[in-house]
Amino acid sequence: MADKHINKSRRHAVRMMLASIASVPLINLVNMAAAQAEDLPQLSEDDPSAKALSYVHDASKANRVDKGGVPASEQFCHNCQFIQAAEGEWRPCALFPNKAVSANGWCMSWMPKAS
Ligand code: SF4
């Protein structure tokens, strides 16, 4: 009898936990990424890993070529599949962990966001 009560309480607790996780709007997760980006150090163009991928803060200064059907002039970090936040002048990038890249930057790993 006591086991039945404990199992019922446990099921209720698990249901409540799943419901609270499901209620976190996705936009909050995006905003959290943007907020975290503000705390990240900005990637330097002189960083060896940035140099290796020809990263620049200003994409217009990069040697871009048309890629994935996207004209060179329309390629920026903010529309790259590796950018980790939807907003902010400086955002995390999957290729440069623990650094923020300029939304208007570019590197040779640029890939269009999957639609
Ligand atoms: S991988 Fe994409 S988001 Fe990251 S630095 Fe290069 S162009 Fe910018």
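This is a short walk through a predicted protein model, from its overall layout down to a few single residues.

Let us start with the whole chain. The protein has 115 residues, and 23% of them are buried. Its secondary structure consists of 3 helices and 2 strands. If you follow the chain from the N terminus, you meet these elements in the order α-α-α-β-β. How much of the contact pattern links residues far apart in the sequence? Of the contacts with a separation of 6 or more, 65% are between residues 24 or more positions apart.

Before looking at details, it helps to ask how confident the predictor was. The average pLDDT of the protein is 83, and 70% of the residues score at least 70. Which elements sit at the two ends of this scale? Helix α1, covering residues 2-22, has the lowest mean pLDDT among the elements, at 57, while α3 has the highest, at 98. Over residues 16-21 the pLDDT stays under 50, and the model shows 0 contacts beyond four places in sequence for this stretch. Where pLDDT is low, the predicted coordinates should not be read in detail. Keep that in mind when your eye lands on residues 16-21, where pLDDT is under 50.

Now turn to the strands. Strand β1 (residues 90-93) and strand β2 (residues 96-102) run antiparallel and are joined by 4 bridges. Between β1 and β2, a hairpin makes the connection through 2 residues. You can trace the pairing residue by residue: R91 stands opposite V101 in β2, and P92 stands opposite A100 in β2. In a regular strand the side chains alternate between the two faces of the sheet.

Strand β2 also holds N98, a residue with a backbone angle to look at. Although N98 is not a glycine, its phi is positive, near 65°. Is N98 buried or exposed? N98 counts as exposed because it has 8 other C-beta atoms within 10 Å, and 12 or fewer is the cut-off for that class. A second residue with a positive phi is S54, at about 55°, and S54 is not a glycine either. You will find S54 in the loop between α3 and β1. With 14 other C-beta atoms within 10 Å, S54 is partly exposed.

Another loop, the one between α2 (26-39) and α3 (48-52), contains Q42. Which residues does Q42 touch once its neighbours within four places in sequence are left aside? Q42 is in contact with W90, K99 and A100. Take K99 as an example: Q42 and K99 are 57 residues apart along the chain, yet their C-alpha atoms are separated by 5.5 Å. Remember that A100, one of the contacts of Q42, is also the residue in β2 that stands opposite P92. Q42 is classed as partly exposed because it has 15 C-beta neighbours inside 10 Å.

Finally, look at the ligand. How many residues surround the ligand? There are 13 of them, and the closest are C77, C80, F82, C93 and C107. What kinds of residues make up this shell? It has 11 nonpolar and 2 polar residues, with no charged ones.

Notes:
Residues numbered from 1 in each chain as written. Predicted model: local features only at pLDDT ≥ 70, side-chain atom pairs only at ≥ 80, totals over all residues. Near = placed C-beta within 6 Å. Nonpolar A, V, L, I, M, F, W, Y, C, P; charged D, E, K, R; others polar. Pairing = 2+ DSSP bridges. Buried ≥ 20, exposed ≤ 12 C-beta atoms within 10 Å, placed from the backbone. Contact = placed C-beta atoms within 7 Å. pLDDT = per-residue confidence, 0-100.
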